[in-house]
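User: I am new to this structure and would like to learn how to read its features. Please take me through them one at a time.

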Amino acid sequence: MSVRDLEPSVLWNHFADLNAVPRPSKKEAQVIEFARQFGESLGLLTQVDEVGNVMIRKPASAGMENRTPIVMQSHLDMVCQKNNDTDFDFEKQGIEMLVDGDFVRANGTTLGSDNGIGVAAIMSILSSDEIVHPPLEALFTIDEETGMTGAMGLKGGWLEGKILLNLDTEDDNELTIGCAGGVDITCSGNCPTEPAPDNAKTFRITVRGLKGGHSGMDIHLGRGNANKWMNRVLWHLGEAVDLQVVRIDGGGLRNAIPRESVAIVNVSGAGLDSLQELIQLQAGELLEEYRTTDPSAEILVEECERVAAGLTADFQQRLLAVLYSCPNGIHRMSPEIEDLVQTSNNLARVLLDGNQFQLGCLTRSSVNSERDDLANSIAASFRLLGGEIQFGGKYTGWTPLPGSKIVELMSGLYEELFDHPPHVAACHAGLECGILGQNYPGMEMISFGPNIRGAHSPDENVQISSVQKFWRYLLAALQRIPIDG
């Protein structure tokens with residue numbers, strides 16, 4: 001069965017059309033043009049702002065002209081992750097989708113259901129002559145996944161809507177009414193090198209098969225971080241053998257829990273005979289500790305072509321110590337909202353190549369001061385390496401308003417349709433609502449969506465029956481939007 005054969009047909013066909021267009025974060029030119037042409041083909045007012053956000057305005061259905069105008073919002077970009085053995089170019093190829101029982105997934109890559117299903121749902125409403133709706137504006141933002149620069153660049157006064165429906169939540173029983181803010185921390189610089197010992201042999205150590213996932217939504221699951229695993233292996237090897245680190249390449253995207261890391265090392269002296277045994281000892285400990293969360297993980301070692309130089313002993317010791325001390329995972333749970341991660345950090349990137357290094361983290365918190373304090377703590381440690389520290393992509397959280405009219409309306413409607421109340425909560429992911437609210441402070445906001453699992457990893461999938469439930473709920477909500485004023 002093809003994705004295009006699924007129901008609701010209009011939504012899945014728009015999703016397939018969207019997924020045929022390459023749309024990596026920060027490289028959205030093709031999908032911006034796709035959205036612009038889509039709006040104009042319908043004869044609707046379509047505008048693209050100076051940063052690349054697309055807005056399409058559609059008048060109300062007959063009899064709905066006096067309802068409160070709404071904004072329906074999703075982001076155009078997607079996280080681009082693939083398995084090591086998958087040959088795929090996200091900048092040139094469309095996503096290869098597979099129907100697997102009640103799920104749609106991709107062939108070895110991320111699927112783009114985050115936030116493509118939301119985009120497709122909005123496209124379905126825009127293209128329909130039958131769906132009843134109030135005056136609406138479709139807002140398609142860019143670069144949500146790597147900095148939220150689209151939301152940050154959206155100017156006040158462009159939108160007329162008074163209620164915002166964000167379609168970027170990943171549990172169909174949840175209404176999201178708040179989210180975390182975040183900040184990127186990057187440390188980069190030069191690292192001193194020296195020749196390898198004459199008798200050294202070179203080895204490749206690989207950490208792979210970790211579960212990974214979304215560094216906000218999945219951070220509470222306690223999954224392994226490949227950068228932390230690799231550093232732990234290297235640290236203990238350095239205590240037991242004559243070790244020289246040559247290269248490390250681990251993780252990648254700031255908002256994805258690292259699944260893989262590869263290190264090249266020189267080993268000399270007596271440690272050559274015990275290298276395999278020492279690595280397997282570390283592997284055994286890690287695999288046992290993470291047997292539930294990362295059952296497919298593995299650590300491999302193989303001899304490779306000799307490399308004649310690597311880090312100096314002093315810098316190597318400082319680097320491994322800094323990475324060992326870098327916090328990763330939950331930093332603090334919310335004392336006010338049950339089961340909500342308040343503050344966390346993801347050690348997202350470790351790159352050492354030649355005489356250059358780069359370390360990257362994404363620190364999240366629903367409390368801005370606590371976010372900044374943890375980020376400063378990490379930066380203080382990174383400064384021991386003598387590199388340049390940069391804070392970037394800072395965005396504020398979204399303060400929950402559980403008593404707002406839109407929350408009451410959507411909660412009551414959910415219970416009416418599905419015979420049980422929704423889970424109304426804040427989330428630890430970064431949603432654009434908090435940023436958008438800075439220039440539209442009077443706009444009421446809520447976020448919802450279908451069940452999406454494994455977002456930001458090649459395991460990403462979306463549940464077909466949940467998309468059907470989400471679609472039913474969305475159509476009912478459009479009819480219930482109250483009279484303006």
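**Reading the model feature by feature**

Analyst: We can begin with a loop. Aspartate 339 sits in the loop between strand E16 (329–333) and strand E17 (341–353). Bear in mind that this is a predicted model.

User: Is aspartate 339 buried or exposed?

Analyst: Exposed means over 50% relative accessible area. Aspartate 339 has 68% relative accessibility, so it counts as exposed. Its backbone also deserves a look: aspartate 339 has a positive phi of about 65° although it is not a glycine.

User: Which loop holds histidine 456, and what is its phi?

Analyst: Histidine 456 is in the loop between strand E22 (452–453) and strand E23 (461–463). Its phi is positive, about 75°, and it is not a glycine either. Buried means under 20% relative accessible area. With a relative accessible area of 2%, histidine 456 is therefore buried.

User: Where are the cis peptide bonds of proline 8 and asparagine 115?

Analyst: Omega is the angle to read here. Glutamate 7 and proline 8 are joined by a cis peptide bond with omega of about 0°, and proline 8 lies in the segment before helix H1 (9–19). The bond from aspartate 114 to asparagine 115 is cis as well, with omega near 10°. Asparagine 115 belongs to helix H3 (residues 113–127).

User: How do I read a buried polar residue? What does the side chain of asparagine 53 reach?

Analyst: Take the place, then the cover, then the partners. Asparagine 53 lies in the loop between strand E1 (45–48) and strand E2 (54–58). Its relative accessible area is 0%, so it is buried. The side chain of asparagine 53 reaches the backbone nitrogen of isoleucine 142 at 3.2 Å. Leaving out residues up to four places away in sequence, asparagine 53 touches residues including Gln47, Leu139, Ile142, Gly150 and Trp158.

User: Which backbone nitrogen lies 2.9 Å from a polar side-chain atom of glutamate 137?

Analyst: That of glycine 161. Glutamate 137 is in strand E6 (residues 136–141), and it counts as buried because its relative accessibility is 3%. Beyond its neighbours within four places in sequence, its contacts include Met55, Arg57, Val71, Trp158 and Gly161.

User: How are the end of a helix and a distant part of the sequence compared? What does phenylalanine 418 touch?

Analyst: Set the sequence gap beside the gap in space. Phenylalanine 418 is in helix H9 (residues 405–418). Phenylalanine 418 and lysine 469 are 51 residues apart in sequence but 9.2 Å apart in space, C-alpha to C-alpha. Not counting residues up to four places away, phenylalanine 418 touches Lys469, Arg472 and Tyr473. Leucine 417, also in helix H9, touches Arg472, Tyr473 and Ala476 on that same basis. Phenylalanine 418 counts as buried at 14% relative accessibility, and leucine 417 is buried at 19%.

User: What does the whole chain look like, in terms of helices and strands?

Analyst: The chain has 11 helices and 23 strands. Its radius of gyration is 24 Å, close to the 23 Å that the globule rule gives for 485 residues, so the chain is as compact as a globular protein of that length. Buried residues make up 57% of the 485 residues. Of the contacts between residues at least 6 apart in sequence, 79% join residues at least 24 apart.

Methods
Residues are numbered from 1 along each chain as its sequence is written. This is a predicted model: local features need pLDDT of at least 70, side-chain atom pairs count only at pLDDT 80 or more; totals for chains, interfaces and linings use all residues. Side-chain values use heavy atoms; hydrogens and water are left out. Helices (H or I, at least four residues) and strands (E, at least two) are DSSP runs, numbered from the N terminus. Buried means under 20% relative accessible area, exposed over 50%, partly exposed in between (1.4 Å probe, protein chains only). A polar contact is a pair of N or O atoms within 3.5 Å; within protein, one must be able to donate a hydrogen and the other to accept it, and residues adjacent in sequence count only if both atoms are side-chain atoms. Contact means heavy atoms within 4.5 Å. The radius of gyration is taken over C-alpha atoms; the globule rule is 2.2 Å times the number of residues to the power 0.38.
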